[in-house]
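Hi,

Here is the structure I promised to pass on. Have a look at it first, and then read my notes underneath.

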Amino acid sequence: MTPAYEFKPAGFRDCSRAEPVEIWKARKFIHQYSDDELSLTKVAKFAHISANHLSEKFKEVAGINFVDYVARIRVGKARDLLQNSNLRISEIAFAVGFQSLSQFNRVFKKLTRKSPTQFRTAHNKRAKSHQV
């Protein structure tokens, strides 16, 4: 099964048209460096376009804005770590690129409707019930 954060065009609005190369480059960069501090300006420089143009084009192609896209990638990685490691939640938050634990908790809950602790607990219960 492909992880939710893996580099792929799924979820993009119009898959019948080719993705613009600058958006492809931007998404590739985001996926590669999502654990680091990312800014629209840094990604735009990599894609060789202005930050404003990237912002507009990204929203048009992806259907979500840059910040939300980066957050989804990071939460996807965090979900995998919550399920497959014993790292503390704060360690996971920083490992996937969030700058603060409170920001991580807020974004995680917004996207998954569970806190990281609730998510891990639910996963552990499901895993134990499948072992029986």
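Below is what turned up, going from the overall fold to the aromatic rings and then to a pocket.

One thing to keep in mind from the start: this is a predicted model. The mean pLDDT of the protein chain is 88, and 85% of the residues reach at least 70. Among the elements, helix H6 has the highest mean pLDDT, at 98, while helix H7 (residues 116-131) has the lowest, at 85. The stretch to be careful with is residues 4-14, where pLDDT stays under 50. The model does have 28 contacts for that stretch beyond four places in sequence. Still, where pLDDT is low, the predicted coordinates should not be read in detail.

Now the fold. You will see seven helices and zero strands in the protein chain, so the pattern along the sequence reads α-α-α-α-α-α-α. Of its 132 residues, 36% count as buried. If you take the contacts with a separation of 6 or more, 54% of them are between residues 24 or more positions apart.

On to the rings. How many aromatic pairs are there? The count comes to seven. One of them joins phenylalanine 29 and tyrosine 33 in a tilted arrangement, with 4.7 Å centre to centre and 45 degrees between the planes. Both sit in helix H1 (residues 21-33), and because they are four residues apart there, about one helical turn separates them. Is phenylalanine 29 buried or exposed? Phenylalanine 29 counts as buried because its relative accessibility is 11%, under the 20% cut-off. Tyrosine 33, with a relative accessible area of 33%, is partly exposed.

Another pair is phenylalanine 108 with phenylalanine 119, and this one is edge-to-face: 5.5 Å centre to centre, with 80 degrees between the planes. Here the pair links distant parts of the chain, with phenylalanine 108 in helix H6 and phenylalanine 119 in helix H7, eleven residues apart. Phenylalanine 108 has 0% relative accessibility and so counts as buried. Phenylalanine 119 counts as buried too, at 6%. Along with Phe98 and Phe104, these two residues form one aromatic cluster.

Phenylalanine 108 deserves a second look on your screen. Which residues is phenylalanine 108 in contact with, leaving aside its neighbours within four places in sequence? They are Val75, Ala78, Arg79, Leu82, Arg113, Lys114, Ser115, Pro116 and Phe119. You can also check the C-alpha atoms of phenylalanine 108 and alanine 71: they are separated by 8.4 Å, although the two residues are 37 residues apart along the chain.

Alanine 71 brings us to the last item, the second largest pocket, as Ala71 is among the residues that lie nearest its centre, together with Val67, Val70, Arg74 and Gln103. The lining has 15 residues in total. Helix H4 (66-84) and helix H6 (101-112) are the elements that give two or more residues to this lining. H4 supplies the largest share, six residues. As for character, the lining divides into eight nonpolar, three polar and four charged residues. The space in this pocket is about 280 Å³.

If you want a route through the model, begin with the phenylalanine 29 and tyrosine 33 pair in helix H1, go on to the cluster of Phe98, Phe104, Phe108 and Phe119, and finish at the pocket lined by residues of H4 and H6.

Best wishes

Terms used. Residues are numbered from 1 along each chain as its sequence is written. This is a predicted model: local features need pLDDT of at least 70, side-chain atom pairs count only at pLDDT 80 or more; totals for chains, interfaces and linings use all residues. Side-chain values use heavy atoms; hydrogens and water are left out. On a 1 Å grid over the protein atoms alone, a cavity is a set of points where a 1.4 Å probe fits but cannot get out, and a pocket is an open set with protein on both sides within 12 Å along at least five of seven lines; lining residues have an atom within 4 Å of a point. Grid points are joined across faces, edges and corners, and a volume is the space filled by probe spheres set on the points. Ala, Val, Leu, Ile, Met, Phe, Trp, Tyr, Cys and Pro count as nonpolar, Asp, Glu, Lys and Arg as charged, and the others, Gly among them, as polar. pLDDT is the predictor's confidence in each residue, from 0 to 100. Contact means heavy atoms within 4.5 Å. Rings of Phe, Tyr and Trp (its six-membered ring) pair if their centres lie within 6.5 Å; planes under 30 degrees apart count as stacked, over 60 as edge-to-face and the rest as tilted. Buried means under 20% relative accessible area, exposed over 50%, partly exposed in between (1.4 Å probe, protein chains only).
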